[in-house]
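Subject: Structure for you to look at

Hello,

Here is the structure I said I would pass on. Please open it alongside this message, since the notes below refer to it.

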Amino acid sequence: MNSFKTTNYAGRTIYYGLGFIWLLWAALVALAGSWQLGLATALVFGFGLLDDLFGASSSKGFKGHLTALGRGTITTGLIKLIGISAVSFWYALQEGLTKIQGGGELAQSWYDPRRLAIACLAGAAIALTSNFFNLVDLRPGRAAKIYLFFATITAVVVVLATWFMGFNASELGLSTLQESLGYVGHPYLVTIIPIVLILIPDLREKAMLGDAGANAAGFVLGAFIVLWLGWVGIALYTLIMLALNLASEKVSFSHVIENNPLLKKLDNIGRLNSGE
C-alpha cells in the first residue's frame, strides 16, 4: 500500500483515517497526566501505521512472519509484533503494576522477580489483545462492536467481583458499591469514547481503522482490562487472548461468524449491504 486509501471487502475505496482518533486520544491522555499510556498508545499506533504503509499481504499471522524470517526477510508485520510486545511490557512495568498491586513493596522494587513476572504476563495480555483486534478488523464495525463487548463484560465482571463477592475489594480500598462503580466506571468511559465516535463512520464505510487504529484500540482495551484485574484474572484473560490468537492461525473468524446465525446478525447490524 502506498497511500491512505484501500479497497475493502465489498470493493469500495475508503480511507484509513479513522485510526488517527487514537493518536488524538493518546495526546489528550498524556496531557491529562497519564503520559505512559499516551506514549505507549502513540508508539503502538506508529507500529501499526508502518504496517499499513509498507506491509505486504503475502505474510500474515505469526506463522507467515516467522516463515518469512526463515527465508531471510524481516516483514513490517514482524517488526510490529516485536515493537508492540516491547511497548506492552514497558507499559505494564511502568504504569500498570502499581495499580494492579495497589502500591506497597512490590510497586517500589523494579527488580523484584514477582514484579517482572507479572509485567511479562500483563504485557502479553495487552500485546495479544492488540493483535487480536487487528485480526478481527476485517469488516466495517466489527472491531468496534467486539471492543464494546469486551470492555462492557469486563467492567461488569470486575464490579461484581470486587463488590458483591468481595474479590480484591479490601486491597483496592473499595468499601461501597459506589466506590466499586467509580473504580471501573471512569476508566470505562475514557476507553470507549473513541470507539463510540468511530462506530458510525466505520459501519457506513466512510473510513476504516487500518492496522494503526485496530492495534492501538486493542492495546488501549488490553491496558485497561489489565488494570482492572488482579493477577489471577490477568492470567485467565491472557490464556483467552492467546487461545483466540492461535485459533486465528487455523480458523477464519469471518467464516465462523458467517456460519453462526446469531453472530452474523449482530455483525451485520448497522452495516451497508454488500453492493449498495
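Below is what was found, starting with the whole chain and ending with the aromatic rings.

**Overall**

Please note that this is a predicted model. The protein has 276 residues, and 47% of them are buried. Its secondary structure consists of 13 helices and two strands. Take the contacts between residues at least 6 apart in sequence: 73% of these join residues at least 24 apart. The exposed surface comes to about 13,600 Å². Carbon and sulfur atoms supply 68% of that surface.

**The second largest pocket**

One pocket deserves a look here. The second largest has a volume of about 520 Å³. It is lined by 15 residues, and those closest to its centre are R142, I146, F149, I257 and L263. Four elements give two or more residues each to this lining: α6 (113–136), α7 (142–164), α12 (253–258) and α13 (261–268). Which of them gives the largest share of the lining? That is α7, with five residues. By class, the lining of this pocket holds twelve nonpolar residues and three charged ones. Polar residues are absent from it.

**Aromatic pairs**

The structure holds twelve aromatic pairs. Two of them are described here.

Start with F132 and F253. Their ring centres are 6.0 Å apart and their planes meet at 70°, so the pair is edge-to-face. F132 sits in helix α6 and F253 in helix α12. The two are 121 residues apart, so this pair links distant parts of the chain. Are these two residues buried or exposed? F132 has a relative accessibility of 5% and counts as buried, because the cut-off is under 20%. F253, at 18%, also falls under 20% and counts as buried.

Now F133 and Y147. This pair is edge-to-face too, with 5.8 Å from centre to centre and 65° between the planes. F133 lies in helix α6 and Y147 in helix α7, so the pair ties together parts that are 14 residues apart in sequence. Both residues are buried.

**The cluster**

Where do these four residues end up? F132, F133, Y147 and F253 all belong to one aromatic cluster. The other members of that cluster are W22, W25, F149, F150 and F224. F149 also appears among the residues closest to the centre of the second largest pocket.

Best wishes

Conventions:
Residues are numbered from 1 along each chain as its sequence is written. This is a predicted model: local features need pLDDT of at least 70, side-chain atom pairs count only at pLDDT 80 or more; totals for chains, interfaces and linings use all residues. Side-chain values use heavy atoms; hydrogens and water are left out. Buried means under 20% relative accessible area, exposed over 50%, partly exposed in between (1.4 Å probe, protein chains only). Contact means heavy atoms within 4.5 Å. Accessible areas come from the Shrake-Rupley method with a 1.4 Å probe; for residues, only the protein chains shown count as cover. On a 1 Å grid over the protein atoms alone, a cavity is a set of points where a 1.4 Å probe fits but cannot get out, and a pocket is an open set with protein on both sides within 12 Å along at least five of seven lines; lining residues have an atom within 4 Å of a point. Grid points are joined across faces, edges and corners, and a volume is the space filled by probe spheres set on the points. Ala, Val, Leu, Ile, Met, Phe, Trp, Tyr, Cys and Pro count as nonpolar, Asp, Glu, Lys and Arg as charged, and the others, Gly among them, as polar. Rings of Phe, Tyr and Trp (its six-membered ring) pair if their centres lie within 6.5 Å; planes under 30 degrees apart count as stacked, over 60 as edge-to-face and the rest as tilted.
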